[in-house]
Amino acid sequence: QVQLVESGGGLVQPGGSLRLSCAASGNIFSINAMYWYRQVPGKQRELVATITSDGTTTYADSVKGRFTITRDNAKNTVYLQMNSLKPEDTAVYSCNGNLRMRSGIYNYWGQGTQVTVSS
């Protein structure tokens, strides 16, 4: 079964750091473009960071300079390093990605992981 599994969320104080991981598992050849989103109840889902197959990254203005998205193609895993966290970063973070399989390229979502920034 192909799936994306996130980990690394939790409770952190303002100014702290967390690293989220998103691992693709199952019968896949590779991961292509990958994305991190976040959502707060009652608000629209926000695209936080993107990394393409060649490693090009883009970020939402709200996280530029604080968050870094990286990928490990050998492990079919993408990471989101979050530094200088603020209470407004509190959200459920989900990864999304295009996975290459024998039959083609398909888009998958992870289950989400809660990040809470609070003192």
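**Close-up 1. Trp109 and its aromatic partner.** Welcome to this predicted model. Our tour starts at Trp109, which is partly exposed, with a relative accessible area of 35%. Two aromatic pairs are found in the structure, and one of them brings Trp109 together with Tyr37: the ring centres are 5.0 Å apart and the planes meet at 50°, so the pair is tilted. Tyr37 belongs to strand S4 (residues 30-39) and Trp109 to strand S10 (residues 104-109), so this pair ties together parts of the chain that are 72 residues apart in sequence.

**Close-up 2. Tyr37 and the rings and charge around it.** Let us stay with Tyr37, which counts as buried at 18% relative accessibility. Tyr37 also pairs with Tyr35. This pair is tilted too, with 6.5 Å from centre to centre and 45° between the planes. Tyr35, Tyr37 and Trp109 together make up one aromatic cluster. A charged neighbour joins the scene: the charged end of Arg45 sits over the ring of Tyr37, 5.4 Å from the ring centre.

**Close-up 3. The disulfide between Cys22 and Cys95.** Here we turn to a covalent link. A disulfide is a covalent bond between the sulfur atoms of two cysteines. The model has one disulfide, formed by Cys22 and Cys95, whose sulfur atoms are 1.9 Å apart. Distant parts of the chain are linked by this pair, since Cys22 is in strand S3 (residues 18-25) and Cys95 is in strand S9 (residues 91-101), 73 residues apart. The torsion about the S-S bond is about 55°, so the disulfide is right-handed. Are these cysteines buried or exposed? Cys22 is buried, with a relative accessible area of 1%, and Cys95 is buried as well, at 0% relative accessibility.

**Close-up 4. The four-stranded open sheet.** Strand S3, home of Cys22, is also part of a sheet. Strands of a sheet pair through backbone hydrogen bonds, either parallel or antiparallel. In which order do the four strands of this open sheet come? The order is S1-S3-S8-S7, and the pairing is antiparallel. At the edges are strand S1 (3-7) and strand S7 (67-72), each pairing on one side only. On average, neighbouring strands here are turned by 15° against each other, direction ignored.

**Close-up 5. Where S1 meets S3.** Now for a look at one seam of that sheet. How many bridges join S1 to S3? There are five, and the two strands run antiparallel. As one example, Val5 has Ala23 in S3 as its bridge partner.

**Close-up 6. Tyr79 and its surroundings.** Our last stop is Tyr79, placed in strand S8 (residues 77-82). With a relative accessible area of 13%, Tyr79 is buried. Which residues does Tyr79 touch, leaving aside its neighbours within four places in sequence? The contacts are Arg19, Leu20, Ser21, Trp36, Thr68, Ile69, Thr70 and Asp72. One of these, Trp36, is 43 residues from Tyr79 in sequence, and the two lie 8.9 Å apart in space, C-alpha to C-alpha.

Definitions and conventions
Residues are numbered from 1 along each chain as its sequence is written. This is a predicted model: local features need pLDDT of at least 70, side-chain atom pairs count only at pLDDT 80 or more; totals for chains, interfaces and linings use all residues. Side-chain values use heavy atoms; hydrogens and water are left out. A disulfide is a pair of cysteine sulfur atoms within 2.5 Å. Buried means under 20% relative accessible area, exposed over 50%, partly exposed in between (1.4 Å probe, protein chains only). Two strands pair if DSSP finds at least two bridges between them. Axes are lines fitted to C-alpha atoms, for helices over the stretch in contact, and angles run from 0 to 180 degrees between N-to-C directions. Contact means heavy atoms within 4.5 Å. Rings of Phe, Tyr and Trp (its six-membered ring) pair if their centres lie within 6.5 Å; planes under 30 degrees apart count as stacked, over 60 as edge-to-face and the rest as tilted. A charge sits over a ring if NZ of Lys or CZ of Arg is within 6 Å of the ring centre and within 35 degrees of the ring normal.
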